[in-house]
Amino acid sequence: MSLPPTTAYDDACYLALKARDARFDGNFFTGVTSTGIYCRPVCRVRTPKRDNCRFFPHAALAEQAGFRPCLRCRPELAPGGGGAQVWSMQDASSILAQQAARLMDAAPGSPGQALGVATLAQRLGISDRHLRRIFEAQFGVSPLQYLQTRRLLCAKQLLTDTRLPASQVAQISGFASVRRFNAAFAEQYGLNPTQLRRNGPPSSAAGHSGIHLKLAYRPPYDVAAMLQFLARRQVQGTELVSLAPKSLCFAKTLSIHAGSQRTTGWLVAQFDDTRCRVDLTVSDSLAEVLPQVMAKVRALLDLDADPRAINQVLHSHFPNSDGLRLPGALDGFELAVRAVLGQQITVAAARTLCQRLVAQLGEPIQTPVAGLDRLFPSAETLATTSGEVLGQLGIVKQRQNAILALAHAVASGTLQLQPGADPDQTRAALQALPGIGDWTAQYICMRALHWPDAFPAGDVALHNALGVRQQPNPAQAALAAATAWQPWRSYAVIRAWANLSPPTSPVESRPITMT
């Protein structure tokens with residue numbers, strides 16, 4: 001393989017490679033011409049010679065150039081390229097291309113139906129031809145090449161980490177048949193899929209049930225702050241948070257819609273801070289939607305964020321908050337309902353209302369996690385619930401109307417509350433519903449869509465944190481202050497909230513136990 005001329009980018013990548021710097025994990029991959037293998041910058045093998053290295057911003061480019069993924073550092077575990085998504089500073093074509101990539105990252109295949117370029121284009125509201133053009137301009141590969149890489153890497157992770165049959169892995173990863181799966185694997189990686197299981201996948205931790213997976217992130221990451229944020233909002237029965245020093249965990253029940261199918265189950269995410277990793281356990285019932293589950297957990301815990309890019313903009317304003325992340329959501333509809341319940345009341349009061357809603361309308365579910373036994377009510381359930389029932393739970397009329405309108409919009413498919421959805425269109429659609437104003441719409445976009453540049457300018461706590469509460473127009477003053485924080489205003493909001501006085505009472509937490 002002939003090497004292109006050396007660039008400053010290549011030199012910087014090689015320095016990060018020599019240092020095995022986890023801050024750059026997923027931001028580039030190194031192809032080694034002497035072995036034909038590409039690695040993450042954190043790979044523990046001996047550092048190759050500079051002349052033998054080629055650097056690629058994403059895995060699809062490395063595979064297009066003929067390199068195979070390293071079996072030791074496992075490129076499929078790397079966090080996504082979050083630093084490239086400076087959304088509000090890019091043109092519409094770049095944003096569309098990145099939205100397409102996020103959708104492919106989240107769902108390379110779905111039960112019974114593989115994701116295709118035509119489906120992607122339709123979801124984005126553009127033609128196949130336009131999608132191919134803007135995608136190749138942004139990423140240097142076609143959407144089909146990118147999608148094939150995502151499918152293969154997803155399959156590689158499932159084959160390595162789980163005991164799922166190869167035929168099931170092929171289906172989950174989006175391959176139309178086992179024959180095509182085997183052929184693609186052999187052509188791209190020079191391996192038969194079953195060769196990855198030469199030594200067998202790791203046994204279940206401590207004999208616990210479920211499927212065990214690994215998810216990496218880039219440091220710094222303030223794990224305690226993320227879990228405290230979630231703990232203050234946890235709803236009994238549906239989620240649990242442990243802040244125990246040796247058991248930093250988050251557990252939750254969830255349901256996932258994939259086409260016409262609805263799948264329910266549970267998950268436990270445990271942080272391994274020393275390895276910059278989350279060890280994820282997922283119920284066997286969610287096996288068919290594992291790629292979607294992994295993508296949802298990555299969004300919830302903001303595992304794809306690039307702290308270097310964010311801190312470059314925000315560090316001078318929030319010097320002690322470099323490790324803070326943007327909490328997302330496993331279910332956009334659930335987050336939206338909780339946002340409506342939280343309008344103009346405290347976090348504790350909103351949690352109380354939410355617990356009543358779950359106790360009354362949540363579906364029971366059996367899990368091996370003590371205290372985790374209910375699902376949050378689905379959009380379909382709430383859409384058929386009367387305002388009178390909601391009123392008996394202490395929910396006022398205005399919020400009843402907002403919740404019912406949300407439920408109807410999501411159940412009918414006219415409103416998509418997930419990463420990859422267009423934030424401007426989503427915000428407009430939300431504000432067209434009764435009882436939903438700019439604050440609620442911005443908050444939903446910030447967390448359900450995981451939009452990095454949302455800004456709830458009317459938030460009173462934000463006004464207090466920014467010291468603009470006493471100004472004639474605090475919302476306008478907050479917007480003016482936030483101009484310097486684009487395109488990371490959502491992260492600035494999280495950091496501003498964190499700078500407020502901590503709650504007077506500690507967050508109750510106990511270790512999560514599994515039977």
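The following dialogue works through how several labels are assigned in this predicted model.

Student: Why are helix 3 and helix 4 called oblique to each other?

Tutor: The axes of helix 3 (residues 92-106) and helix 4 (residues 117-124) cross at roughly 125°. Angles over 145 degrees count as roughly antiparallel and 65 to 115 as roughly perpendicular. The crossing angle of roughly 125° falls in neither range, so the two helices are oblique. The axes come within 10 Å, and the crossing is right-handed.

Student: Which residues meet where helix 3 contacts helix 4?

Tutor: On helix 3 they are L96, Q99, A100, L103 and M104, and on helix 4 they are L120, R123 and L124. By class, this contact has six nonpolar, one polar and one charged residues.

Student: How many aromatic pairs are there, and what makes F29 and Y38 an edge-to-face pair?

Tutor: The count is 16 aromatic pairs. For F29 and Y38, the ring centres are 5.9 Å apart and the planes stand at 85°. Centres within 6.5 Å make a pair, and planes over 60 degrees apart make it edge-to-face; the F29 and Y38 rings satisfy both.

Student: How do you know whether F29 and Y38 are buried or exposed?

Tutor: Buried means under 20% relative accessible area. F29 is at 5% and therefore counts as buried; Y38 is at 0% and therefore also counts as buried.

Student: Why is the pair of F318 and W485 called tilted?

Tutor: The angle between its planes is 55°, with 5.3 Å centre to centre. Stacked needs under 30 degrees and edge-to-face needs over 60, so 55° leaves the label tilted.

Student: What makes this a link between distant parts of the chain?

Tutor: F318 and W485 are 167 residues apart. F318 lies in the loop between helix 11 (307-314) and helix 12 (332-341), while W485 lies in the loop between helix 20 (474-482) and helix 21 (489-498). F318 is buried at 5% relative accessibility, and W485 is buried at 4%.

Student: Where is P487, and what is the peptide bond before it?

Tutor: P487 is in the loop between helix 20 and helix 21. The bond from Q486 to P487 is cis, with omega near 10°.

Student: D302 and Q344 both have a positive phi without being glycine. Which is buried and which is exposed?

Tutor: D302, with phi of about 55°, has a relative accessible area of 3% and is therefore buried. Q344, with phi near 60°, is at 80%; exposed means over 50%, so Q344 counts as exposed.

Key. Residues numbered from 1 in each chain as written. Predicted model: local features only at pLDDT ≥ 70, side-chain atom pairs only at ≥ 80, totals over all residues. Heavy atoms only, no water. Axes fitted to C-alpha atoms, helices over the stretch in contact; angles between N-to-C directions. Helix = DSSP H or I, 4+ residues; strand = E, 2+ residues; numbered from the N terminus. Parallel < 35°, antiparallel > 145°, perpendicular 65-115°, else oblique. Left-handed = near helix turned anticlockwise from the far one by under 90°. Contact = heavy atoms within 4.5 Å. Nonpolar A, V, L, I, M, F, W, Y, C, P; charged D, E, K, R; others polar. Phe/Tyr/Trp six-rings, centres within 6.5 Å; stacked < 30°, edge-to-face > 60°. Buried < 20%, exposed > 50% of the residue type's maximum accessible area, 1.4 Å probe, protein only.
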